[in-house]
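Dear colleague,

I am passing on the structure we spoke about, and I would be glad if you could look through it with the notes below beside you.

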Amino acid sequence: MEVKQESGSPKKKPRPLVRIVLLLMSHRVLVSLICCIAGIIALLLLPVLAKNTYISENALMPGSANPMLSSQEVLDADKLVTDIMRLSLEGDTAGIEIPRLLKKRVGDLGAEVSQFQFYPRTNKFHPLHFFASHDSVLDQDNTTCVSPAVSTVGIVRAPHGDGKEAIILVTPYNAVKPDTGEALSLGVAYSVFSLLTQVTWLAKDIIWLAADSRYGEHESVSAWLREYYAPTFYRSEKSHTNMCSASNPDWENVNNQVVGAESHEGFRRAGTMAAALVIKVNGIEDAQDSLSIYAEASNGQMPNLDLINVVNYLAVHRQGLYVMVGKHWSLLESKCLKMIGGTIEFLGNLARSLNPQWGFGIPVNEYVEGAATLTSSLYAQALGVPTGSHGAFRDYQIDAVTLAISPKASPYNKGKRSDFLLRSGRLIEGTIRSVNNLLEKFHQSFFLYLLTGPSKFVSVGVYMIAFALLIAPLPVVAASLYSDAVTCHPKSDMVKSSASSSSSDAMNKSGTSWRWLHAAKSVFVIHIWAAVVALLPNVVCQIPNRTSTTCSISWILLSLASLQIIYKVFGSPYSSFKPSDLHKQEWAVLKSVMISASFIGLSLMSVVNFAAAEIGALLLVPFCLMAQPLKLDMQNLSLKAFSRIACNIVLGLSLFPPFTFFVIKGVSEGFSGIDIGDFWTWAESLWLWNSATYLYVMLVHLPCWVLCVHLLLHPC
C-alpha cells in the first residue's frame, strides 16, 4: 500500500525488516534491559542445559579388550620407584644419576633411547610476542653456569605401523630432587612402556618422554617439542657451553658426564603425534583413589572431547577411580547459587506435575556443583593460561590432557603401592589402546565446550546464546543514539525566508552527517593510547633491580603520562565541545561510536577466545549501555537519575582493570595477602603464555572503560 505525500507523489512504506529495526531503535532501553537479563539467565541455566558426554568415534572402543598389564611389569616398575627414591636422597648427584638410571632401564627393554638436554630460557616481554613466533632466548645475563636439564626419551616402533603416527606419554619430574609422586608417575609410565615393548597390536609408535622439569614442567615439554617439530641447526646452547667451559674447566666434564652417549645418538623422532597423555601422581594421600583431568590449554583451546570421554569411561567403569575436573570450591557453599538451584528445581517439579515430559529441573546439589565446575572451566579458558604441561601440545594441534592420579594409601606401603601402579597402568594402557585404534586424528566430537562435570558438558551451540544476547543491544543502541543526536537538534531561529531556511537546512545536514568523525577520532586516540599502554612493559622491564611492586607503580605512572602526552598531541574528547545547541548531543555521538568499537572488539575476541569474550561482555556491556553524563542526571535528581548515578559510579570503579583483579583475587583467596605488585605478576603471566586475554584487557576493555569515564564527566 502506498501513501500519498502533500505534493501528490506516492511514498513507499518501509520494508518489514526496516520497520523492525526502527521499532527496536525507538525502544532501545527496553531492548537493552530484556537482552541483558535474558543473557544472564541463559548463563545461569547452562548447568541445567548440560548434556551427558558420549563417545562419538566408534573406532575408539574403550574397554573392549582385556588389560594385559601384569604383576611382572608392576614389580619392575616398583623396583624403579624404589631406586629413584633412593637416588633422590643422595643430594647433588641425583640430577645426574636418575637420568642415567632411566636411560639404562629403557635401553634394557629393547626400545630406542636417547637423551635431550636444554637450558633455562628467559621470557622477556617482546612487542611482537603475540603476533609472531617469538621464541624465548637463553639467559645470557646469568653469570652462573647452570647444569643442563636432561630429558630421557624412549621410543617403541609399532610392529604393524608405518612410522607416520605416534602416541606420547609424558612424565614431568624434577631430576635434582624428585618427590614421591614424581617417582610413582615414572613407575606408572615405565610399567606401561615395558608392556608396550612386548605387544604385537601396536599400529602407532609409542614415545615416552621423562621430562626433566627442574626449570619448569611446561618448559621441559615445550623445549623438546620445539626440537621435534622445528629443529635448530645453529643452537645457542653451544655458545653457552663454550662460555661456561672457559670460565669453569670442570663444568665441561660434568656436562659430558650428564649427557653420556647423547652426542652420537642424535635426536630421535617418531611419527606425527595423535595424542599425548601427561601422567602425574600426587604424593599426598587422598580419601579414595581419584583422578583429576586437566584439559585447558592456551587461549581457551581444548582437546577433542572424545579423549576426555575415553579416559573418564575407563577410569570409572574399569578401574573404579573417582574422576574430578576443576571447580571453584568456594562456590559450593554459595547461598545465592543454592537459592537459584532451589528455584530451578521447584520450577522443574512444577512443570513435571503439569506434564511428565517437561522435565528440565535438576536437584539443588547437582546444580551448585555443576555451576562451580562450569565457573572453573569458563575462568580457566578465559584466562588463556594452560592448566598443565599438556598445553604445550595444543600449540602444535595435538590433543593432550594431564591425568593427575591421587592414591588412597600411603606410597610407602609396598603392597598398596603395587595395587596403585597396576590400576593406574591399566588406565593408561586402555587409553593408549583406544587411541591406537584410530585411523585418523580426533575429529568427530567437540573442540569448543565447557565442562560442568567429568561426564557432562555444554557445547558451543548452547553457551554462545548467552554471549549473543549480551552483545545484541550494542548495535541497536549505537544506531539509535546516533540517529537521535543527528536529527533532534533545533533549527536556527534567525532564519526567516524560505530561501534562507532551505540553505540553513542544507548546511545543518552537511554538518550533522559528519559529526561522527570527531567522536571516531576521540575513540581512535584512546585506542592508540591503549596500544601504547600494552607495550609499556617492554620499557618497564628495563628498570634495574625491579620488583613487581615497582613495576606496577611504574606502569601506572607511565600510562598516565602517555595519556597526557597523547591529549596534548591529538586533543582530548572535550577539545571541540562548545556550549551550543549543536554540541549538546555530542556525548551521544561519542557513546554511539564507543559502543560500536566495543561491539567489534568483543566480536573479534569471541573468535580467538570465546570464554574471555563471554566474561568480558558480562562485565563491559552494562557499563557501556548505562554510561551517561553525570551532569545530565544531576540536573534532575529523580529516583531513576539517582539510581543511574550510583550504578555508573559503582561500575566505573569496579571495572578499572587493577581494581577488578584485586576484587576477584580477594574474594577467591582473601584480602589479607593482596599486594599492588600482584597485578604486574598476573599481567606478566598472561604475556609470557601468549594469552590473548592480555590483548583483550589492554585493547578492548581498558579503552572502553576510559571512554565510559569520559562520558560520565562530559560537560554537556
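At roughly what angle do the axes of helix 19 and helix 28 cross? Before I come to that, please bear in mind that this is a predicted model, and that what follows should be read with that in view.

**Helix pairs**

Helix 19, which covers residues 516-535, and helix 28, which covers residues 692-712, have axes that cross at roughly 135 degrees and come within 9 Å. Because angles over 145 degrees would count as roughly antiparallel and those from 65 to 115 as roughly perpendicular, helix 19 is described as oblique to helix 28. The crossing of these two helices is right-handed.

A second pair is formed by helix 6 (residues 180-196) and helix 15 (residues 414-436), which pack with their axes 9 Å apart and at an angle of about 55 degrees. That angle makes helix 6 oblique to helix 15, and helix 6 passes helix 15 in a right-handed crossing.

**A nonpolar patch on the surface**

You may also want to look at the surface patch of about 670 Å² that is nonpolar and is made by Ile649, Leu653, Phe656, Phe659, Val663, Val667 and Phe671. Helix 25 (639-654) and helix 26 (657-669) each supply at least two residues of this patch, and helix 26 gives the most to it, with three residues.

Ile649, one of the patch residues, lies in helix 25. Its relative accessible area is 43%, and since the partly exposed class runs between the 20% limit for buried and the 50% limit for exposed, Ile649 counts as partly exposed.

**Two glycines**

Is glycine 154 buried or exposed? Glycine 154, which is found in strand 7 (residues 149-156), has a relative accessibility of 1% and therefore counts as buried, the cut-off for that class being under 20%. Its C-alpha atom is separated by 9.7 Å from that of leucine 109, although the two residues are 45 residues apart along the chain.

Glycine 461, by contrast, lies in helix 16, which covers residues 460-471, and is partly exposed, with a relative accessible area of 43%. Between the C-alpha atoms of glycine 461 and tyrosine 449 the separation is 8.8 Å, and these two residues are twelve residues apart along the chain.

With best wishes

Note on methods: Residues are numbered from 1 along each chain as its sequence is written. This is a predicted model: local features need pLDDT of at least 70, side-chain atom pairs count only at pLDDT 80 or more; totals for chains, interfaces and linings use all residues. Side-chain values use heavy atoms; hydrogens and water are left out. Patches are made of residues with over 30% relative accessible area and no salt bridge: like charges are joined within 9 Å, nonpolar side chains (Val, Leu, Ile, Met, Phe, Trp, Tyr) within 5 Å. Accessible areas come from the Shrake-Rupley method with a 1.4 Å probe; for residues, only the protein chains shown count as cover. A salt bridge is a side-chain nitrogen of Lys or Arg within 4 Å of a carboxyl oxygen of Asp or Glu. Helices (H or I, at least four residues) and strands (E, at least two) are DSSP runs, numbered from the N terminus. Buried means under 20% relative accessible area, exposed over 50%, partly exposed in between (1.4 Å probe, protein chains only). Axes are lines fitted to C-alpha atoms, for helices over the stretch in contact, and angles run from 0 to 180 degrees between N-to-C directions. Angles under 35 degrees count as roughly parallel, over 145 as roughly antiparallel, 65 to 115 as roughly perpendicular and the rest as oblique. A crossing is left-handed if the near helix is turned anticlockwise from the far one by less than a right angle, and right-handed if clockwise.
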